[in-house]
Amino acid sequence: MTKPSAQKKLRKRRGSLSLVAVFLFASAAIRIGTEAGQAVAREAPLEEAPELSGQRLQSCETREDLEKMLDMFAQRDTALRQQEEAINMRSVAISLADEKIDAKLEELKRAEDSLREMVAYASTAAEKDISRLTEVYETMKPKEAAALFEEMAPEFAAGFLGRMRPEAAAGIMAGLSPQVAYTVSVVLAGRNANAPKNK
């Protein structure tokens, strides 16, 4: 009876030892896995997000840690979406501003063309009016024209006389008072004084 009880005890011890050995192996495997993960994490550190700068990354050991991390990711995602929205809105605003600027430039170009046409028309009309008025003065009797030229400013009178045929201008100059005739002659001569001369 002693032998069977000793064998039973031996079996119980072996079973207990086997169980302890299994636990030790499991513990060793868990420890190796954890240390390997930490070693890999030390060798290749994760880049911290701008919002997390200054905070150390911690392992998610509990459900609360995981929820915090997910919450931080959600906040970062929201911030990125808001930034993207702001960039898109800015891009739309810039496009609208470009369109308005192009439209204004086109409008200014049309206005400039119109103004150029008006200036050309006015210049042509003024030239025609002056030519017509010169012809009128040329066809008037020299004494009557001289009486009008006597009242004109010398520069104005010289402008008309410079456009007239020489014989018509001479007839009007002859009818002017000596002082007015002299002043008009000085203006006429002075207009070409600075003109280049042939050598």
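The following conversation goes through a predicted model, from its helices to its side-chain pairs.

Reader: What kind of model is this, and how are residues numbered?

Author: Residues are numbered from 1 along each chain as its sequence is written. The model is predicted, so local features need pLDDT of at least 70 and side-chain atom pairs count only at pLDDT 80 or more, while totals for chains, interfaces and linings use all residues, and side-chain values use heavy atoms, with hydrogens and water left out.

Reader: How many helices and strands are there?

Author: The protein has six helices and zero strands. Along the sequence the pattern reads α-α-α-α-α-α. Helices (H or I, at least four residues) and strands (E, at least two) are DSSP runs, numbered from the N terminus.

Reader: What share of the residues is buried?

Author: Of the 199 residues in the protein, 11% are buried. Buried means under 20% relative accessible area, exposed means over 50%, and partly exposed lies in between (1.4 Å probe, protein chains only).

Reader: And what about the surface as a whole: how much area does the protein expose?

Author: The protein exposes about 17,100 Å², and carbon and sulfur atoms supply 60% of that area. Accessible areas come from the Shrake-Rupley method with a 1.4 Å probe; for residues, only the protein chains shown count as cover.

Reader: Which residues make a nonpolar patch there?

Author: Leu 66, Met 69, Leu 70 and Phe 73 make a nonpolar surface patch of about 370 Å². Patches are made of residues with over 30% relative accessible area and no salt bridge; like charges are joined within 9 Å, and nonpolar side chains (Val, Leu, Ile, Met, Phe, Trp, Tyr) within 5 Å. Leu 70 belongs to helix α2 and counts as exposed, at 52% relative accessibility.

Reader: Changing topic, how many salt bridges does the structure hold?

Author: The structure holds nine salt bridges. A salt bridge is a side-chain nitrogen of Lys or Arg within 4 Å of a carboxyl oxygen of Asp or Glu.

Reader: Which side chain meets Lys 109 in a salt bridge?

Author: Lys 109 is bridged to Asp 113, at 3.6 Å from N to O. The two are four residues apart in helix α2 (residues 63-139), so about one helical turn separates them. Lys 109 is partly exposed at 47% relative accessible area, and Asp 113 is partly exposed at 29%.

Reader: Which residue forms a salt bridge with Asp 113 at 3.2 Å?

Author: That residue is Arg 116, where 3.2 Å lies between the closest N and O atoms. Arg 116 and Asp 113 are three residues apart in helix α2, again about one helical turn. Arg 116 is partly exposed, with a relative accessible area of 49%.

Reader: Where does Arg 132 fit in?

Author: The side chain of Arg 132 meets that of Asp 129 in a salt bridge of 3.5 Å, N to O. These residues are three apart in helix α2, separated by about one helical turn. Elsewhere, salt bridges that share partners join Lys 109, Glu 112, Asp 113 and Arg 116 into one network.

Reader: Now the rings: how many aromatic pairs are there?

Author: The structure holds four aromatic pairs. In one of them, the rings of Tyr 137 and Phe 149 have centres 5.1 Å apart and planes at 75 degrees, so the pair is edge-to-face. Rings of Phe, Tyr and Trp (its six-membered ring) pair if their centres lie within 6.5 Å; planes under 30 degrees apart count as stacked, over 60 as edge-to-face and the rest as tilted.

Reader: Which helices does that pair tie together?

Author: Tyr 137 lies in helix α2 and Phe 149 in helix α3, so the pair ties together parts that are 12 residues apart in sequence. Both residues are buried. Tyr 137 also pairs with Phe 160, with ring centres 5.1 Å apart and planes at 85 degrees, so that pair is edge-to-face. Phe 160 sits in helix α4 (residues 154-163), 23 residues from Tyr 137. Ring pairs link Tyr 137, Phe 149, Phe 156 and Phe 160 into a cluster.

Reader: Is Thr 134 buried or exposed, and what does it touch?

Author: Thr 134 counts as buried, at 5% relative accessibility. Not counting residues up to four places away in sequence, Thr 134 touches Phe 160, Arg 163 and Met 164. Contact means heavy atoms within 4.5 Å.
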